[in-house]
Amino acid sequence: MSNWGIQLPDFPWDLLEPFKKVASGHPDGIIDLSVGTPVDPTPDVIQSALKAASDSPNYPTTIGLPEFRQAEVDWLHNEHQVDGLDLDSVIPSIGSKEIVAWLPRHLGIGAGDVIALPKTAYPTYEIGGLLAGAETVLADDAIELESAFENAQAVGKKLRMAWINSPSNPTGAVKSVAELQALVQWGRSRGVLLVSDECYIDLGWDVTPISLLHREVSGGDAYGLLVVHSL
């Protein structure tokens, strides 16, 4: 039970425990894809950087160091063709899961509001809606989002925000430039904030994932768009 009297569901991975025990009894063991925990050795360059920065007893600033934010702006520009950002366009979070869970509440979304989620998606999107006291609906493209928008309007509610996830967790699906362009055009026309979870944008396989902020998608303008990345 949360502080606001909201009944939250059991954590999905806890619900999988009984099945995990059964699968573990298989002679060949279990292939556990339930949580994306890294299993490869941590690269030496990362270990060295952590060691060099370990004598830092002070709390960091909430907004992050200018050097860090500039590195994010440069990375987006150089690697993902994102134009028009400056230091005020980016901010670090404690983790991508935390921002997914708390973003609706930070944005003032609450009772009477609706949030759209992908049909097959990371469960924390829904938790974020519940924590904010908002309703959630499922929609994967601009046509489905328009239907969700009209349905909310018909009962006196407002679709305020829509999550996009490309590459998708868990399906791996990657949205095309045309699909993302249609979403941007729809979101701006309806005044709905589009939030793209791009945690896996550097893990393309047979196609190259495109950011919602890519110049071909956004027109070089971040208006009405927000993206989440993971380090």
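**View 1. Helix 4 stretches over four strands of the sheet.** Helix 4 (residues 96–106) lies across strand 1 (113–117), strand 3 (158–165), strand 4 and strand 5, and runs at about 165° to strand 3. Axes here are lines fitted to C-alpha atoms, for helices over the stretch in contact, and angles run from 0 to 180 degrees between N-to-C directions. Contact means heavy atoms within 4.5 Å. Helices (H or I, at least four residues) and strands (E, at least two) are DSSP runs, numbered from the N terminus. Keep in mind that this is a predicted model, where local features need pLDDT of at least 70 and side-chain atom pairs count only at pLDDT 80 or more, while totals for chains, interfaces and linings use all residues. Residues are numbered from 1 along each chain as its sequence is written, and side-chain values use heavy atoms, with hydrogens and water left out.

**View 2. Here is the open sheet, built from 5 strands.** Their order is 2-1-3-4-5, with parallel pairing. Strand 2 (135–138) and strand 5 (225–228) sit at the edges with a single partner strand each, so one side of each has no neighbour in the sheet. From one strand to the next, the twist averages 25°. Strands count as paired if DSSP finds at least two bridges between them. Strand 4 and strand 5 run parallel and are joined by 4 bridges. Look for L194, which stands opposite L225 in strand 5.

**View 3. Helix 5 (residues 124–132) has a buried face.** T124, Y125, G128, G129, L131 and A132 are the buried ones; buried means under 20% relative accessible area, exposed over 50%, and partly exposed in between (1.4 Å probe, protein chains only). Seen down the axis, these buried residues fall within an arc of 165°, so they line one face of the helix. That arc is taken from the directions from the helix axis to the C-beta atoms. What covers them? Helix 4, strand 1, strand 2, strand 3 and strand 4 are among the elements that do. Just after helix 5 comes G133, with a positive phi of about 80°.

**View 4. Helix 3 (residues 66–80) has a buried side and an exposed one.** Its 15 residues reach 20 Å from the first C-alpha to the last, close to the 21 Å expected at 1.5 Å a residue; the expected span is 1.5 Å times one less than the number of residues. R69, V73, L76 and H80 are buried. They cover an arc of only 95° around the axis, which puts them on the same side of helix 3. An α-helix has 3.6 residues a turn, so residues three or four places apart point the same way. On the other side, E67, N78 and E79 are exposed.

**View 5. Q81 and H214 meet after the end of helix 3.** Q81 follows helix 3 and belongs to the loop between helix 3 and helix 4. Its phi is positive, about 55°, although Q81 is not a glycine. Q81 is partly exposed, with a relative accessible area of 26%. Is H214 buried or exposed? At 7% relative accessibility, H214 counts as buried. H214 sits in the loop between strand 4 (193–197) and helix 8 (215–218), and touches H80, Q81, V82 and G219, leaving aside residues up to four places away in sequence.

**View 6. Two cis peptide bonds turn up in this close-up.** S166 and P167 are joined by one, with omega about -5°. The bond from N169 to P170 is cis too, with omega near 20°. P167 is in the loop between strand 3 and helix 7 (177–190), and P170 is found in the loop between strand 3 and helix 7 as well. Most residues other than glycine have a negative phi, and most peptide bonds are trans.
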